[in-house]
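Please open the model in your viewer and keep the selection tool ready, since each stop on this tour begins with something to select.

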Amino acid sequence: MKIFTVCGNGIGSSIMLKMKLDEICEEYGIEADIESTDFNSAQGKDSDLIVTVKELANQFENKKVAVIRSYVNKKKIEEDVLDILLEMSGKK
């Protein structure tokens, strides 16, 4: 499964989010290739899932998007995306 974590510039926030998603996937045995990127680059990339905040999420057309409330709070990120990850990986 190819996942992109997306923030405005693809520098700080999306990297923090990638690290948290890596931890969550490892804890639940979910295999995923996770990459952080900026909003503009993400538009042209093929992915199974985009993970980003609400302000950016509604600008992605024809892509599966998971909306998170925080780029750094692991508990909130897990609450927001775990069900989607489990479903996509066939574990739910």
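What follows is a tour of a predicted model, going from a pair of helices to their salt bridges and then to some places elsewhere in the chain.

**Stop 1: two helices**

Begin by selecting residues 13-28, which form helix α1, and then add residues 74-88, which form helix α4. Two packed helices are described by the angle between their axes and the distance between the axes. Here the angle is about 55° and the axes lie 10 Å apart, and α1 and α4 are therefore oblique to each other. If you turn the view to look at how one passes the other, you are looking at a right-handed crossing of α1 and α4.

**Stop 2: a nonpolar patch**

Keep α1 in view and select Ile-15, Met-16, Met-19 and Val-72, which together make a nonpolar surface patch of about 320 Å². Met-16, one of these residues, has its place in helix α1, and because its relative accessible area is 32%, between the limits of 20% for buried and 50% for exposed, Met-16 is partly exposed.

**Stop 3: salt bridges of the two helices**

Side chains of opposite charge can pair when their charged atoms come close. A search of the whole structure finds 9 salt bridges, and the next selections take you to some of them.

Select Asp-22 and Lys-18 to see a salt bridge with an N to O distance of 2.6 Å. Both residues lie in helix α1, where they are 4 residues apart, about one turn of the helix. Asp-22 is partly exposed at 28% relative accessibility, and Lys-18 is also partly exposed, at 23%.

Next, select Glu-23 and Lys-74, whose side chains meet in a salt bridge at 3.3 Å, N to O. Which parts of the chain does this pair tie together? Glu-23 lies in helix α1 and Lys-74 in helix α4, so the pair links parts that are 51 residues apart in sequence. Glu-23 counts as partly exposed at 34% relative accessibility, as does Lys-74 at 22%.

Stay with α4 and select Asp-80 together with Arg-69, which form a salt bridge whose closest N and O atoms are 3.0 Å apart. Asp-80 lies in helix α4 and Arg-69 in the loop between β4 and α4, so this pair ties together parts that are 11 residues apart in sequence.

**Stop 4: a network**

Now clear the selection and pick Lys-2, Asp-33, Glu-35 and Lys-45, which are linked in a network of salt bridges.

**Stop 5: a loop residue with positive phi**

Move to the loop between α3 (54-57) and β4 (65-68) and select Asn-62, which lies in it. Most residues other than glycine have a negative phi, and most peptide bonds are trans. Asn-62, however, has a positive phi of about 60° although it is not a glycine. Is Asn-62 buried or exposed? Its relative accessible area is 81%, so Asn-62 is exposed.

**Stop 6: the segment after α4**

Finally, follow the chain into the segment after α4 and select Gly-90, which lies there. At 61% relative accessibility, Gly-90 counts as exposed. Add Ile-30 to the selection and draw a line between the two C-alpha atoms: Gly-90 and Ile-30 are 9.2 Å apart in space, while in sequence they are 60 residues apart.

Notes: Residues are numbered from 1 along each chain as its sequence is written. This is a predicted model: local features need pLDDT of at least 70, side-chain atom pairs count only at pLDDT 80 or more; totals for chains, interfaces and linings use all residues. Side-chain values use heavy atoms; hydrogens and water are left out. Patches are made of residues with over 30% relative accessible area and no salt bridge: like charges are joined within 9 Å, nonpolar side chains (Val, Leu, Ile, Met, Phe, Trp, Tyr) within 5 Å. Accessible areas come from the Shrake-Rupley method with a 1.4 Å probe; for residues, only the protein chains shown count as cover. A salt bridge is a side-chain nitrogen of Lys or Arg within 4 Å of a carboxyl oxygen of Asp or Glu. Buried means under 20% relative accessible area, exposed over 50%, partly exposed in between (1.4 Å probe, protein chains only). Axes are lines fitted to C-alpha atoms, for helices over the stretch in contact, and angles run from 0 to 180 degrees between N-to-C directions. Angles under 35 degrees count as roughly parallel, over 145 as roughly antiparallel, 65 to 115 as roughly perpendicular and the rest as oblique. A crossing is left-handed if the near helix is turned anticlockwise from the far one by less than a right angle, and right-handed if clockwise.
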